[in-house]
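Here is a friendly walk through one protein model, with a few stops along the way. Keep the viewer open and turn to each residue as it comes up.

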Amino acid sequence: MKTLPTVSHEPTAPFNRRSLLAATAAAALTASGLPALAQSKTVLRISTPAVPDDWHAKMWTVFKDNLEKSAPGEFDVQINLNASLFKQGAEPTAMSRGNLELATVSAQDISKQVPEFSIFTAGYIVRDPVQQQKIFNGPIGAEMFKLVTEKMEITPLATAYLGTRQVNLREVHKVNVPADLKGIKLRMPGSKEWLFLGEALGATPTPLAFGEVYLGLKSGTIDGQDNPLPSVKAAKFYEVTKQIVLTGHLVDGIFISIASKTFKALSPANQQKVLAAAQAAAAFNNENRIKEEAELVAFFKKEGLQVSTPDLDAFHKTVQAAYQNSDYAKVWPKGLLERINATK
Ligand code: KDO
């Protein structure tokens with residue numbers, strides 16, 4: 001986590017937008033008498049569907065505090081949680097249109113524009129959070145993030161571990177193999193990449209935004225959902241579900257990203273400060289999330305949920321076969337799967 005991501009950023013813009021703004025602000029000072037400093041701050045709007053109690057919501061405060069220390073008075077960091085600014089999945093488009101500066105972007109969001117990235121949406125590919133950091137902070141990450149920057153006008157800054165996704169059901173079912181999930185309306189985020197994962201697990205995937213999952217579970221419009229245990233706790237899904245099946249089907253990552261236009265307009269020194277703040281935020285999230293994830297089975301059992309471990313070999317085989325036989329695998333760069341597997 002301490003090493004800088006090897007993602008190669010494009011060279012900085014020929015002129016520095018901040019100094020241009022500062023000059024404009026200074027000119028305005030003479031005309032209006034307004035303080036120049038307030039006008040020259042670079043606004044960084046953040047949008048995330050994360051609920052306040054979740055580590056990947058709290059990490060944005062770490063980002064803000066870090067930047068306030070390293071670049072006092074230079075940035076106005078505005079954190080918008082609960083998808084209050086942009087709906088889940090709409091963030092990359094908002095960033096490329098100049099309506100949003102920072103967000104966490106999922107592999108599923110990226111895959112829409114960079115199909116090669118869909119390898120990271122597939123179940124049972126990445127083994128654990130340590131390997132995940134090695135993959136994305138090493139040459140594979142550098143190559144894949146280069147594609148993201150080229151095609152999406154966003155620049156990934158750090159990889160945050162969202163956790164390992166588990167199946168969480170409203171009623172207790174006997175779930176040992178994927179066939180046992182047949183007919184279960186399993187809520188997935190609303191894109192085809194996510195729905196495919198639900199299908200590969202053997203369930204009937206039902207699209208729903210994260211913010212609507214609690215009520216969906218409570219009212220019974222869905223039979224279950226999949227998320228990492230820390231999010232099951234933070235969003236209180238355990239209050240309206242009775243079972244957790246430890247499928248561990250996706251070691252999930254979200255990528256702290258900045259609109260490339262915003263990033264290029266910063267001075268090189270401020271680019272480094274933003275990068276360092278993003279990495280500090282991810283490190284905070286990763287450390288706390290990994291620690292909490294290990295403690296949560298006991299918590300959910302105490303809350304009265306049944307926690308079971310299915311036949312993981314059967315899940316691995318079925319899910320991996322579904323991806324290997326799909327159109328997704330056709331665009332995975334040659335040799336990438338082997339390189340991921342060889343990352344230790
Ligand atoms: C979800 O909707 O299930 C998901 O876990 C998908 C992630 O990519 C991410 O958007 C996350 O929700 C939100 O940040 C809320 O925790």
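## Polar contacts to the ligand

A polar atom in the side chain of Arg165 sits 2.8 Å from an oxygen atom of the ligand. Arg187 also has a side-chain N or O atom facing a ligand oxygen, at 2.7 Å. Asn227 adds another such contact: an N or O atom of its side chain is 2.7 Å from an oxygen atom of the ligand. As for cover, the ligand on its own has 370 Å² of accessible area, and the protein covers 96% of that. Please keep in mind that this is a predicted model, so these distances are computed from predicted coordinates.

## The shell around the ligand

Which residues surround the ligand? They are Pro49, Ala50, His56, Gln88, Ser106, Leu162, Arg165, Arg187, Pro189, Trp194, Phe210 and Asn227. By type, this shell divides into six nonpolar, four polar and two charged residues. Arginine counts as charged, so Arg165 and Arg187 are the charged members of the shell.

## Aromatic pairs across the chain

Searching the whole structure gives 17 aromatic pairs. One of them joins Trp55 and Phe284, with ring centres 5.7 Å apart and 70° between the planes, an edge-to-face arrangement. Why does this pair tie together parts that are 229 residues apart in sequence? Trp55 belongs to helix α3 (residues 55-70) while Phe284 belongs to helix α12 (residues 268-302), so the contact bridges that gap in sequence. Trp55 has a relative accessible area of 17%, so it counts as buried. Phe284, at 25% relative accessibility, is partly exposed.

A pair between Tyr238 and Phe300 is tilted, with 5.9 Å from centre to centre and 50° between the planes. It too links distant parts of the chain, 62 residues apart: Tyr238 is in the loop between α10 (229-234) and β8 (243-259), and Phe300 is in helix α12. Are these two partners buried or exposed? Tyr238 is buried at a relative accessible area of 14%, and Phe300 is buried at 0% relative accessibility.

## A ring cluster and two lysines

Ring pairs also connect Phe117, Phe120, Phe136, Phe145 and Phe255 into a cluster.

Two lysines are worth a look from above the rings. Lys58 lies over the face of Trp55, 4.4 Å from the ring centre. Trp55 is the residue that also forms the edge-to-face pair with Phe284. Lys233, in turn, lies over the face of Phe299, at 5.0 Å from the ring centre.

## Two residues with positive phi

Most residues other than glycine have a negative phi. Against that background, which residue has a phi near 55°? Ala83 does, a positive value in a residue that is not glycine. Ala83 is in the loop between β2 (75-80) and α4 (91-96), and its relative accessible area of 27% makes it partly exposed.

Tyr124 also has a positive phi, of about 60°, although it is not a glycine. Its place is the loop between α5 (107-111) and α6 (129-137). With a relative accessible area of 11%, Tyr124 is buried.

## Distant in sequence, brought together in space

Helix α12 comes up again with Ala280, a partly exposed residue with a relative accessible area of 24%. How many residues lie between Ala280 and Val62 along the chain, counted as their separation? They are 218 residues apart, yet their C-alpha atoms are separated by 7.0 Å.

Gly98 offers a similar view from the loop between α4 and β3 (102-106). Gly98 is partly exposed, at 44% relative accessibility. Its C-alpha is 7.4 Å from that of Ala259, and the two are 161 residues apart in sequence.

The last stop is Leu147, in helix α7 (residues 139-152). Leu147 is partly exposed, with a relative accessible area of 22%. Leu147 and Pro115 are 32 residues apart along the chain, and their C-alpha atoms are separated by 10.0 Å.

Methods
Residues are numbered from 1 along each chain as its sequence is written. This is a predicted model: local features need pLDDT of at least 70, side-chain atom pairs count only at pLDDT 80 or more; totals for chains, interfaces and linings use all residues. Side-chain values use heavy atoms; hydrogens and water are left out. A residue is near a molecule or strand if one of its heavy atoms lies within 4 Å of it. A polar contact is a pair of N or O atoms within 3.5 Å; within protein, one must be able to donate a hydrogen and the other to accept it, and residues adjacent in sequence count only if both atoms are side-chain atoms. Accessible areas come from the Shrake-Rupley method with a 1.4 Å probe; for residues, only the protein chains shown count as cover. Rings of Phe, Tyr and Trp (its six-membered ring) pair if their centres lie within 6.5 Å; planes under 30 degrees apart count as stacked, over 60 as edge-to-face and the rest as tilted. Helices (H or I, at least four residues) and strands (E, at least two) are DSSP runs, numbered from the N terminus. Buried means under 20% relative accessible area, exposed over 50%, partly exposed in between (1.4 Å probe, protein chains only). A charge sits over a ring if NZ of Lys or CZ of Arg is within 6 Å of the ring centre and within 35 degrees of the ring normal.
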